[in-house]
Amino acid sequence: MSDIAILGGIAADIEGRPANTLIYADSNPGKIKISYGGVSRNITENLARMGADVSFSSIAGNDFIGRAAREQLAGLGVDISGIELMEGESTAMYLSILDDKGDMELALCNMDILEKIDKGFIDNAAGILKKAKIVGTDTNMTSENIYYLTEKLKGTPIFIDPVSVTKAERIKNFAGRFHTVKPNRIEAQAISGIEIKNDDDLMRAADWFLNEGVKRLFITLGGEGTFFADKNESGIIKAGKVNIVSATGAGDAFSAACLKAFADGLGIRETAELAMAASALALESETAVNPLMSRELLQKRSLEIKTGD
C-alpha cells in the first residue's frame with residue numbers, strides 16, 4: 001500500500017474570458033480553460049510530482065471531467081483505486097465568467113457530490129487509509145465526518161489543512177486528534193482562540209496546539225515565512241527570494257511537502273524548509289500545481305532556503 005494516503009475532493013475549475021467587452025445574453029468569443037482542483041487533489045498531484053508513493057480516495061461523477069481527472073492522476077503514478085466515479089452525478093465544478101480585464105462577472109458552483117464523502121465513504125476507504133504511514137485531508141467535510149475520520153483511523157497519524165477561517169472552526173473542539181495541523185495565522189487564531197500579533201503570540205498558540213495533543217504545527221505567515229513547532233523545537237523559516245506569478249496552490253504544495261517529509265522521516269525544521277521550498281515553486285507557476293515540480297527541484301530549492309541563498 002502507499003506510504004501516504006489522501007482523502008478529499010476533486011473539483012474542476014472552468015474559466016471563460018471574453019476577447020472584448022462582455023456582451024450579456026450573447027455568445028462572446030474568447031478563451032476558455034479547464035483545470036483540475038480541490039485542496040486534497042492538488043496535494044495529491046504535488047506529492048506525485050515530488051516522487052512520493054501516494055494514494056487518493058475521492059468521489060467524482062462518471063462524466064468526462066471526472067474520468068479525465070482520475071486518469072491524469074493515474075498517469076502521474078497515483079494509486080487511484082480509492083476514487084469512485086458515480087453514475088448520474090456531476091463532478092464538482094466551479095464555473096466563472098470574467099470580463100476582458102480579468103475580473104469576475106459571474107460564477108456558478110456545483111459541489112453537491114462532495115457531500116457524499118461521508119461516514120459510509122470513510123468506512124469504505126479505511127482499508128487503504130489505515131495502511132499508510134500518514135493520512136492527509138482537509139476541512140471540506142462536515143465537522144461530524146472529520147471527527148468520524150479521526151475515530152476510524154485511531155493510531156494512524158493524520159495531517160489536516162484547515163482551508164479557511166470558517167472551515168477551520170470545524171476542528172477547534174478536537175484539534176488534538178491530528179498529528180500535524182497547518183493553518184495560516186488567522187486560521188490558527190480561529191482554532192485556538194488566541195490572537196496572534198507577534199512572535200510571543202505564535203508561541204502561545206503553539207503551546208495551545210501541542211497541549212491539545214498536536215505533534216507538529218506549521219503556521220504559515222505569508223511573505224514572512226512559516227512558524228513551526230513540536231515538543232522539542234520551534235522557529236521561523238523565511239521565504240527567501242520568490243518570483244510570484246500566482247498565489248493559487250501555494251498552501252497545497254506546502255502541505256504536500258509536509259506529508260512527504262514525514263513519510264521520509266525528516267525532522268520538523270527540515271520539513272519546514274522543504275515545505276517553504278514547495279510553496280515557493282507553486283508561487284512561481286500560473287497553475288495551482290507547478291508542472292515543473294519534482295523531487296530534484298524541490299531538494300535544490302530547499303537547500304537554497306536552508307543556506308539563505
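## Exercises on pockets, cavity and fold

The lining of the largest pocket comprises 18 nonpolar, 17 polar and 8 charged residues. In this count Ala, Val, Leu, Ile, Met, Phe, Trp, Tyr, Cys and Pro are nonpolar, Asp, Glu, Lys and Arg are charged, and the others, Gly among them, are polar.

The model is predicted, with local features requiring pLDDT of at least 70 and side-chain atom pairs pLDDT 80 or more, while totals for chains, interfaces and linings use all residues. Residues are numbered from 1 along each chain as its sequence is written, and side-chain values use heavy atoms, leaving out hydrogens and water.

**Exercise 1.** State the volume of the largest pocket, and identify which residues are closest to its centre.

*Solution.* Step 1: a pocket is an open set of points on a 1 Å grid over the protein atoms alone, with protein on both sides within 12 Å along at least five of seven lines; a cavity is a set where a 1.4 Å probe fits but cannot get out, and lining residues have an atom within 4 Å of a point. Grid points are joined across faces, edges and corners, and a volume is the space filled by probe spheres set on the points.

Step 2: the volume of the largest pocket is about 930 Å³. Of its 43 lining residues, V39, D161, V163, G251 and D252 are the closest to the centre.

Step 3: at least two lining residues of the largest pocket come from each of α1 (39–49), β8 (134–138), α8 and α9 (268–283). Helices (H or I, at least four residues) and strands (E, at least two) are DSSP runs, numbered from the N terminus.

Step 4: V163, one of the central residues, belongs to the loop between β9 (158–161) and α5 (165–168). Its phi is near 75 degrees, a positive value in a residue other than glycine. With a relative accessible area of 28%, V163 is partly exposed; the classes are buried under 20%, exposed over 50% and partly exposed in between (1.4 Å probe, protein chains only).

**Exercise 2.** Establish which strand gives the most to the lining of the second largest pocket, and place A288 in the fold.

*Solution.* Step 1: the second largest pocket has a volume of about 610 Å³. Its lining numbers 29 residues, and D13, S35, T248, T287 and A288 are the closest to its centre.

Step 2: β2 (11–18), β3 (30–37), α1 and β6 (92–98) each supply at least two lining residues. β3 gives the most, with 5 residues. By class, this lining has 9 nonpolar, 11 polar and 9 charged residues.

Step 3: A288 is in the loop between α9 and α10 (295–307) and, with a relative accessible area of 18%, is buried. A288 and S35 are 253 residues apart along the chain, yet their C-alpha atoms are separated by 8.6 Å. Not counting residues up to four places away in sequence, A288 touches N42, T248 and G249, where contact means heavy atoms within 4.5 Å.

**Exercise 3.** Describe which residues line the largest cavity.

*Solution.* Step 1: the count is 1 cavity of 30 Å³ or more, and the largest cavity has a volume of about 30 Å³.

Step 2: its lining consists of I134, F159, T180, R216, F218, C258, L259, F262 and T271. The elements giving two or more residues to this lining are β11 (216–220) and α8 (250–263), and α8 gives the most, with 3 residues.

Step 3: by class, the cavity lining has 6 nonpolar, 2 polar and 1 charged residues.

**Exercise 4.** Decide whether A25 and I117 are buried or exposed.

*Solution.* Step 1: A25 is found in the loop between β2 and β3. At 91% relative accessibility, A25 counts as exposed. Most residues other than glycine have a negative phi. A25, although not a glycine, has a positive phi of about 60 degrees.

Step 2: I117 lies in the loop between β7 (104–110) and α3 (119–129). At 5% relative accessibility, I117 counts as buried. Leaving aside neighbours within four places in sequence, I117 contacts L7, G8, G9, S58, I59, M141 and N145.

**Exercise 5.** Explain why the protein is described as being as compact as a globular protein of that length.

*Solution.* Step 1: the protein has 10 helices and 13 strands. Its radius of gyration is 19 Å, close to the 19 Å that the globule rule gives for 309 residues, so the protein is as compact as a globular protein of that length. The radius is taken over C-alpha atoms, and the rule is 2.2 Å times the number of residues to the power 0.38.

Step 2: along its principal axes the C-alpha trace spans about 60 × 45 × 40 Å. Buried residues make up 50% of the 309 residues.
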